[in-house]
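Please prepare a briefing on the charged side-chain pairs of this model and on the strands that carry some of them.

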Amino acid sequence: AENIAASPIVDHPNPTQGELTLEITDLALENFALQLIDLQGKSIENKKITSATEIIRMENLPSATYFLKVTNNNKEVKSFKIIKN
């Protein structure tokens with residue numbers, strides 16, 4: 001089993017009803033960005049990560065599965081599958 005606590009990038013809660021928290025620890029943030037994408041590949045949100053804890057608001061989105069990609073200098077470093085209830 002993967003040790004979640006050891007990962008520098010964690011998302012919770014998942015599944016979520018509304019807010020998703022993305023936490024990044026032990027990494028310099030200056031070139032990090034996040035992208036929220038639906039299953040059709042449409043970008044819903046794209047923003048620079050400016051703090052170690054980013055809140056992604058999903059309460060207005062339909063219940064579905066989404067992908068959250070974290071990039072560093074436009075290279076993907078982590079991808080999460082997010083279930084929105």
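The briefing below takes up salt bridges, then one strand and its sheet, and then one residue in detail.

This is a predicted model, in which local features need pLDDT of at least 70 and side-chain atom pairs count only at pLDDT 80 or more, while totals for chains, interfaces and linings use all residues. Residues are numbered from 1 along each chain as its sequence is written, and side-chain values use heavy atoms, with hydrogens and water left out.

**Salt bridges**

- A search of the whole structure finds 4 salt bridges, a salt bridge being a side-chain nitrogen of Lys or Arg within 4 Å of a carboxyl oxygen of Asp or Glu.
- One of them links the side chains of Glu-54 and Lys-47 at 3.0 Å, N to O; Glu-54 is buried at a relative accessible area of 6%, whereas Lys-47 is partly exposed at 26%, where buried means under 20% relative accessible area, exposed over 50% and partly exposed in between, for a 1.4 Å probe and protein chains only.
- Glu-59 and Arg-57 form another through their side chains, at 2.9 Å from N to O, with Glu-59 partly exposed at 34% relative accessibility and Arg-57 exposed at 53%.
- The side chains of Glu-76 and Lys-69 also meet in a salt bridge, at 3.7 Å from N to O; Glu-76 is partly exposed, with a relative accessible area of 46%, and Lys-69 is partly exposed as well, at 28%.
- Through shared partners, salt bridges join Glu-19, Arg-57 and Glu-59 into one network.

**Strand S5 and its sheet**

- Strand S5 covers residues 53–57, and its side chains alternate: Glu-54 and Ile-56 point to one face and are buried, while Thr-53, Ile-55 and Arg-57 point to the other and are not buried; strands here are DSSP runs (E, at least two residues) numbered from the N terminus, as helices are (H or I, at least four).
- Strand S2, residues 19–24, runs antiparallel to S5 and is joined to S5 by 5 bridges, and two strands count as paired if DSSP finds at least two bridges between them.
- Among the bridge partners in S5, Ile-56 is matched with Leu-20, and Arg-57 is matched with Glu-19.
- An open sheet of 3 strands is ordered S1-S2-S5, with antiparallel pairing.
- Strand S1 (9–12) and S5 stand at the edges of this sheet, each with a single partner strand, so one side of each is left without a neighbour in the sheet.
- Neighbouring strands of the sheet are turned by 20 degrees against each other on average, direction ignored, with axes fitted as lines to C-alpha atoms (for helices over the stretch in contact) and angles running from 0 to 180 degrees between N-to-C directions.

**Surroundings of Glu-54**

- Which residue offers its backbone nitrogen to the side chain of Glu-54? The backbone nitrogen in question belongs to Ser-51, reached at 3.3 Å.
- Leaving aside its neighbours within four places in sequence, Glu-54 is in contact (heavy atoms within 4.5 Å) with Leu-20, Thr-21, Leu-22, Leu-34, Lys-47, Lys-48 and Ile-49.

Notes. A polar contact is a pair of N or O atoms within 3.5 Å; within protein, one must be able to donate a hydrogen and the other to accept it, and residues adjacent in sequence count only if both atoms are side-chain atoms.
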